[in-house]
Every structure is written in C-alpha cells, then in structure tokens.
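Got your viewer open? Load the model, switch to a cartoon view, and we'll go from stop to stop.

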Amino acid sequence: MPEGLLAGKRGVILGVANEKSIAWACAQACAEQGASLAFSYLGEGLERRVKKLVGEFLPDALMLQCNVQNDAEIASFFQEIKNQWGSLDFVIHSVAFADKEDLRNQFVTTSRAGFALAMDISAYSLVAVSREAAPLMKPGGSIVAMSYYGAEKVVPRYNVMGVAKAALEASSRYLAWDLGEKGIRVNCISAGPIRTLSASAIAGMRLMLQTTEKFAPLRRNVTQEEVGQTAVYLLSDMSSGVTGEVLHVDCGYNVMGMYGVEDPSQDA
Ligand code: NAD
C-alpha cells in the first residue's frame, strides 16, 4: 500500500517539457506522496524526451499526447484516463504559451492573433480541461493551475502573459464556483520566477530573478521543488476547505509595496 498525503489518489499532470519544468517537480512531489500519475506531452518533439524522463522515474505511468488547443485531443486524453482508471482525483495544469515577440516589445503592440493565442493556450485551456476532467472526479477532487504575479500588477515585458494569467486566475474562481457543487476544488499557485524552458522566452527574466532575490522577504528565489510541495498541499485533503484561492509561492515578493527604502545611508 502506498503511503503519503496523496496515497491512493490518481492524478493527471499537464505540462512536463523537461526536468526543469514546474510540472515535473510537482509530479515528483506527488509521486513521493503516493499518487499514481498520468502525463500529457505536446507533440512528437517532446514525446521522446518526456517518455524518457517519466519512464526512468515512473515506468508504469500513463503518457499521452495532448495539445490543449485541440478540444478533440483533450476529450480523447480524458477518455483514455477513464478507460484506464475509471476515475480521477486531481489535475495539475502547468501549461502556457505566448509568441516570443509579445514578451519582448511593448504590450501596446500585441497583435490580435498574439493576444488570442496566449489566452487560448494559457487561460481557456483550464476551462476546457476542467470540463473533461470533472465528470471523472468524485467529491474531494482538486485542480491546480500555475499563475504569476504579472496577473495582478504590471511586470514590464511579461505583457500579454500577465493578461492571460489574470484570465486564468479569474477562470479558476468561476470554475471553483461551478465545480464546488460537486465537491471539486480549483486553485492557482502564483509562483515566483524560475528558470525553465518557457521562462527563457521572457526577455526580462534575469532581472526578475535578481529583483526577487534582492527584495523578497526571504531574499532568494523560489524553487520548483517548493512549488511542487505546495501543489501536494492543494491536491491533498489537507486543503479540503480551500478553493478559488491564489496561493503565492514567491518567497513573499508579492507582499512588498516599496523597495530600497530600508537603506539608512540613503536617508536625507
Ligand atoms: P515549461 O516550459 O517547462 O512548461 C510549459 C509547458 O506548457 C510545456 O510542457 C509545454 O509543452 C506546455 N505547452 C505549451 N503549449 C501547449 C499546448 N498548446 N498544449 C499542451 N501543452 C502546451 O515551463 P514552466 O515554467 O514549468 O511553466 C509551467 C507553468 O508555470 C506555466 O503556466 C507558466 O506560465 C507557469 N509559471 C512559470 C513561472 C516561471 O518563472 N517559470 C512562474 C510562474 C508561473
């Protein structure tokens, strides 16, 4: 019998690209707590890499292609989960995409197509995925999505992704209301900046990491592992009364209102 906070639970992890992915740290943390896992990967390009990474750690894990832009693929992904498992306890949505140019230039230059693309993959997909996952879940089911502070405040050059994250967070609250009737919870983790494949597309990433290290109350950046541990909490029955929440895992950066004024050498 597996032991741990997620013992006996079955969960789907969307968004593993490589060993640096936040989704991968979540998967490891969930497996350590006794969960059985299924994974999606995006296209043939990532299939080999994800199958190798997951296969070495969890040889029996289910792995299926799923592009979240495609309703039919989402439906067949969850149909296969139903065929294999019958039911599902949790989903981690750790998926986002925006055109690189839109994370470099001024937000005001965002094209209609770039805006729609970022919203589709990074926000609407949570709705589409939850719609297919919820019928497989019993009361106690839990869905967790990954957000960032750029949803709440202006982070220059995060741009359209900040707008998509705001939509993701709002969607999670509406989903929390709809699915709460069935006892299913929906929450977001707002993670601090972390070096990953997606993050490399964000032009200001190096400065975001430096700024967090300097001004977050914990004076450092957060790790993938810390996000994974928080995901375990939100997926487990330990958080049974928590839904529609955005939980910051950012070394406290979001509580700061002003930076640098603590330096007495700068006093007039
Ligand atoms: P990552 O590149 O490892 O993961 C992003 C994943 O999205 C990849 O696996 C990619 O295949 C997947 N994806 C993109 N388009 C897709 C599509 N159409 N269909 C299915 N999958 C698709 O990067 P990450 O940093 O681990 O990102 C995971 C999540 O965490 C994202 O939502 C990201 O916005 C969020 N996040 C990241 C940071 C950070 O600084 N890295 C901070 C806060 C939130």
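**Stop 1: the largest pocket**

Start by selecting α1 (22–32), β2 (36–41), α4 (112–133), β5 (137–147), α5 (159–180) and α6 (205–215): each of them gives at least two residues to the lining of the largest pocket. Keep in mind as you look around that this is a predicted model. The volume of the largest pocket comes to about 1100 Å³. To get to the middle, show S94, V95, A96, F97 and S198 as sticks; among the 44 lining residues, these are the closest to the centre. Now colour the lining by class: you should get 30 nonpolar residues, eleven polar and three charged.

**Stop 2: the second largest pocket**

Next, pick Y148, V155, M208, T211 and Y253, which lie nearest the centre of the second largest pocket, out of 17 residues that line it. Two elements, β6 (185–191) and α6, each provide two or more residues of this lining. Which element gives the most here? That's α6, with four residues. The volume is about 260 Å³, and by class the lining splits into ten nonpolar, five polar and two charged residues.

**Stop 3: helix α3**

Now select residues 71–85, helix α3. Put a distance between its end C-alpha atoms and you'll get 21 Å, which agrees with the 21 Å expected for 15 residues at 1.5 Å a residue. Then add side chains for I74, F77, F78, I81 and W85, the buried residues to look at in α3. Why do they sit on the same side of α3? Because they cover an arc of only 85° around the axis. The general rule is that an α-helix has 3.6 residues a turn, so residues three or four places apart point the same way.

What do these buried residues pack against? Show β1 (10–14), β2, β3 (62–65), β4 (88–93) and α4, and you have the partners of the buried residues of α3. Then rotate to the face turned away from the buried side, where you'll find the exposed residues A72 and N83.

**Stop 4: T110**

Last, go to the loop between β4 and α4 and select T110. Is T110 buried or exposed? With a relative accessible area of 17%, T110 counts as buried, because the cut-off is under 20%. Setting aside neighbours within four places in sequence, T110 is in contact with D102, F115 and V160. Finally, draw a line from the C-alpha atom of T110 to that of L88: these two are 22 residues apart along the chain and 38 Å apart in space.

Terms used:
Residues numbered from 1 in each chain as written. Predicted model: local features only at pLDDT ≥ 70, side-chain atom pairs only at ≥ 80, totals over all residues. Heavy atoms only, no water. 1 Å grid on protein atoms, 1.4 Å probe; cavity = no way out; pocket = protein on both sides within 12 Å on 5 of 7 lines; lining within 4 Å. Points joined across faces, edges and corners; volume = space filled by probe spheres on them. Nonpolar A, V, L, I, M, F, W, Y, C, P; charged D, E, K, R; others polar. Expected span 1.5 Å × (residues − 1). Buried < 20%, exposed > 50% of the residue type's maximum accessible area, 1.4 Å probe, protein only. Arc of directions from axis to C-beta. Contact = heavy atoms within 4.5 Å.
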